Amino acid sequence: DGSAYQRQAVRWDSDYLPAKIQLAQDLLRLGEDDEGWKLAEDVFKKDAYDIVAYNLVTLREELSKFQVLTNRDFLVRMHAKEAPIYGKSVLNLLDRDKAGVCEKYGFNLSLPTIVEIFPEQKDFAVRTFGMPGGEGYLGVCFGRVITANSPASQTANPTCWEAVLWHEFCHVVTLGLTKNKM
């Protein structure tokens with residue numbers, strides 16, 4: 001719903017940068033990456049002091065180093081150094097989760113679920129919130145987009161990445177079934 005309001009604000013005033021950068025974040029959270037990244041870049045070009053735009057443009061450079069793993073239902077982006085180590089395990093886990101949870105609740109994925117796994121907590125935070133911070137968050141689901149910290153970002157209190165991804169994928173299903181009302 002938020003992206004519709006931001007689009008309306010941008011239609012009213014195409015130079016209103018706060019609406020444009022919020023729309024960029026909304027689109028990135030909805031999996032509409034091409035338009036979202038373009039808007040973030042546009043805002044940054046017009047206002048190099050916009051912190052969220054700067055953070056997103058900088059993050060996009062980091063994401064260019066990520067490897068993309070795909071199958072019919074999932075698009076996983078993870079650092080190229082980590083992908084060969086446990087990338088196939090990520091896809092296998094998500095496939096098992098989909099088979100169990102989607103079948104149990106009668107939910108069909110209409111579009112691939114996008115999963116981005118970050119070895120740097122600060123990059124996870126920028127992708128998720130637009131700003132560094134958010135320590136303690138392990139993963140976030142925006143509907144069909146999941147962002148998560150990788151095992152490389154673990155601190156003194158490690159967590160199980162499999163449990164985090166399973167939990168976040170359950171949100172994909174519940175948000176999909178309720179049209180983001182839950």
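These are my notebook entries on a predicted model, taken topic by topic.

**Entry 1: the cores**

I began with the largest nonpolar core. It holds 27 residues, and V76, M78, V90, I117, L165 and F169 touch the most other members. I then asked which elements give two or more residues to this core. They are strand 2 (74-79), helix 5 (83-105), strand 3 (113-118), strand 5 (145-149) and helix 7 (161-177). I also noted a second, separate core of 23 residues, with L27, L39, L56 and F66 among them. As background, nonpolar side chains in soluble globular proteins tend to be buried together.

I picked V76 for a contact list. Leaving out residues up to four places away in sequence, V76 touches Q67, V68, L69, V90, L91, L94, V115 and I117.

**Entry 2: strands 1 and 2**

How do strand 1 and strand 2 run, and how many bridges join them? They run antiparallel, and five bridges join them. The two strands form a hairpin, with three residues between them. I looked up one facing position: T70 stands opposite L75 of strand 2.

Next I went to R77, which is also found in strand 2. Is R77 buried or exposed? Its relative accessible area is 17%, under the 20% cut-off, so R77 is buried. Neighbours within four places in sequence aside, R77 is in contact with D33, F66, Q67, V68, I114, V115, E116 and I117.

**Entry 3: A80**

I moved on to A80, in the loop between strand 2 and helix 5. Its relative accessibility is 34%, so A80 counts as partly exposed. Not counting residues up to four places away in sequence, A80 touches K65, F66 and Q67. I also checked a distance from A80 to V115, which is 35 residues apart from it along the chain. Their C-alpha atoms are separated by 14 Å.

**Entry 4: helix 4**

I checked the length of helix 4 (residues 51-63) against expectation. Its 13 residues should span 18 Å at 1.5 Å a residue, because the expected span is 1.5 Å times one less than the number of residues. The end C-alpha atoms are 18 Å apart, which agrees.

At the start of the helix I looked at D50. A side-chain oxygen of D50 comes to within 3.1 Å of the backbone nitrogen of V52.

Which residues of helix 4 are buried? I listed V52, A53, N55, L56, V57, L59 and L63. L56 turned up earlier as a member of the second core. What covers the buried residues of helix 4? The cover includes helix 2 (17-29), helix 3 (33-46), strand 1 (66-70), strand 3 and helix 6 (121-129).

**Entry 5: aromatic rings**

I counted aromatic pairs and got six. One of them is F44 with Y54, a tilted pair: the centres are 6.0 Å apart and the planes make 45 degrees. The angle falls between the 30 and 60 degree limits, so the pair counts as tilted. This pair links distant parts of the chain, with F44 in helix 3 and Y54 in helix 4, 10 residues apart.

I then asked how accessible each partner is. F44 has 22% relative accessibility, so F44 counts as partly exposed. Y54 has 43% and therefore also counts as partly exposed.

Last, I looked for an aromatic cluster. F124, F129 and Y137 form one.

Technical notes: Residues numbered from 1 in each chain as written. Predicted model: local features only at pLDDT ≥ 70, side-chain atom pairs only at ≥ 80, totals over all residues. Heavy atoms only, no water. Core = buried A, V, L, I, M, F, W, Y, C linked by side-chain atoms within 4.5 Å. Buried < 20%, exposed > 50% of the residue type's maximum accessible area, 1.4 Å probe, protein only. Helix = DSSP H or I, 4+ residues; strand = E, 2+ residues; numbered from the N terminus. Contact = heavy atoms within 4.5 Å. Polar contact = N/O pair within 3.5 Å; in protein donor to acceptor, adjacent residues only side chain to side chain. Phe/Tyr/Trp six-rings, centres within 6.5 Å; stacked < 30°, edge-to-face > 60°. Pairing = 2+ DSSP bridges.
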